[in-house]
Amino acid sequence: MLGAVVELAGSDRMVFSGRVSLASQGWLADHAVYGTVVVPGAALVELVLRAGDEVGCGR
């Protein structure tokens, strides 16, 4: 779900971006609470793990 990783010039910081939508992740429609689509916790964990991998964080 992370689409781009950009290193900020002149620093050791990075910016991660991506798009989450029903059009590109149709499975999100299966995760609704009272009629509102929500991002499941497992997807958020995946985003954090991917970002950690990108910056070399072992855990």
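Read from the N terminus to the C terminus, this chain runs β-β-β-β-α. In other words, the chain has four strands and one helix. Please keep in mind as we walk through it that this is a predicted model.

Let us start with the overall dimensions. Taken along the principal axes, the C-alpha atoms fill a box of roughly 45 × 25 × 15 Å. The radius of gyration is 14 Å, whereas a compact globule of 59 residues would come in near 10 Å. Burial can be put in numbers too: of the 59 residues, 12% are buried. The chain exposes about 4,600 Å², and 56% of that area is supplied by carbon and sulfur atoms. As for contacts, take those between residues at least 6 apart in sequence: 26% of them join residues at least 24 apart.

Now to the strands, beginning at the N-terminal end. Strand E1 covers residues 2-7 and strand E2 covers residues 14-18, and the two pair in the antiparallel sense over five bridges. You can trace the register with two of the pairs. Leu2 in E1 has Gly18 as its bridge partner in E2, and Glu7 is partnered by Met14. Between the two strands lie six residues, and the whole unit forms a hairpin. Look for Gly10 in the turn, where phi is positive at about 75 degrees.

Gly10 has a counterpart of interest further along the chain. Which residue has a positive phi although it is not a glycine? That residue is Tyr34, with a phi of about 50 degrees. Tyr34 sits in the loop that links strand E3 (32-33) to strand E4 (36-37). With a relative accessible area of 83%, Tyr34 is exposed.

Between E2 and E3 there is another loop, and Ser21 is found there. Is Ser21 buried or partly exposed? Its relative accessibility is 22%, so Ser21 counts as partly exposed, the cut-off for burial being under 20%. From Ser21 you can also look across to Gly41: the two are 20 residues apart in sequence, and their C-alpha atoms are 16 Å apart in space.

That brings us to the helix, H1, which spans residues 41-54. Leu44 belongs to this helix, and at a relative accessible area of 45% Leu44 is partly exposed. Leu44 also takes part in a nonpolar patch on the surface, together with Met1, Val20, Trp27 and Val39. Together these residues have about 400 Å² of accessible area. The patch draws on residues from separate places in the sequence, as one pair of its members shows: Leu44 and Met1 are 43 residues apart in sequence, but 9.7 Å apart in space from C-alpha to C-alpha.

Further along H1 we reach a salt bridge. How many salt bridges does the structure have? The count is one, and it joins the side chains of Arg50 and Glu54 with an N to O distance of 3.3 Å. Arg50 and Glu54 are four residues apart in H1, so about one helical turn separates them. What about their exposure? Both partners are partly exposed: Arg50 has a relative accessible area of 29%, and Glu54 has 36%.

Glu54 deserves a second look, as it ties the helix back to the hairpin where our tour began. This residue is in helix H1, yet Glu54 touches Val5, Met14 and Phe16, leaving aside residues up to four places away in sequence. Met14 is familiar from the hairpin, where it is the bridge partner of Glu7. Glu54 and Met14 are 40 residues apart in sequence, with their C-alpha atoms 9.2 Å apart in space. Glu54 therefore has two roles to follow on the model: a salt bridge with Arg50 within the helix, and contacts with Val5, Met14 and Phe16.

Note on methods: Residues numbered from 1 in each chain as written. Predicted model: local features only at pLDDT ≥ 70, side-chain atom pairs only at ≥ 80, totals over all residues. Heavy atoms only, no water. Salt bridge = Lys/Arg side-chain N within 4 Å of Asp/Glu carboxyl O. Buried < 20%, exposed > 50% of the residue type's maximum accessible area, 1.4 Å probe, protein only. Pairing = 2+ DSSP bridges. Patch = residues over 30% accessible without salt bridge, like charges linked within 9 Å, V, L, I, M, F, W, Y side chains within 5 Å. Areas by Shrake-Rupley, 256 points an atom, 1.4 Å probe, with all protein chains shown as cover. Rg over C-alpha atoms; globule rule 2.2 N^0.38 Å. Contact = heavy atoms within 4.5 Å.
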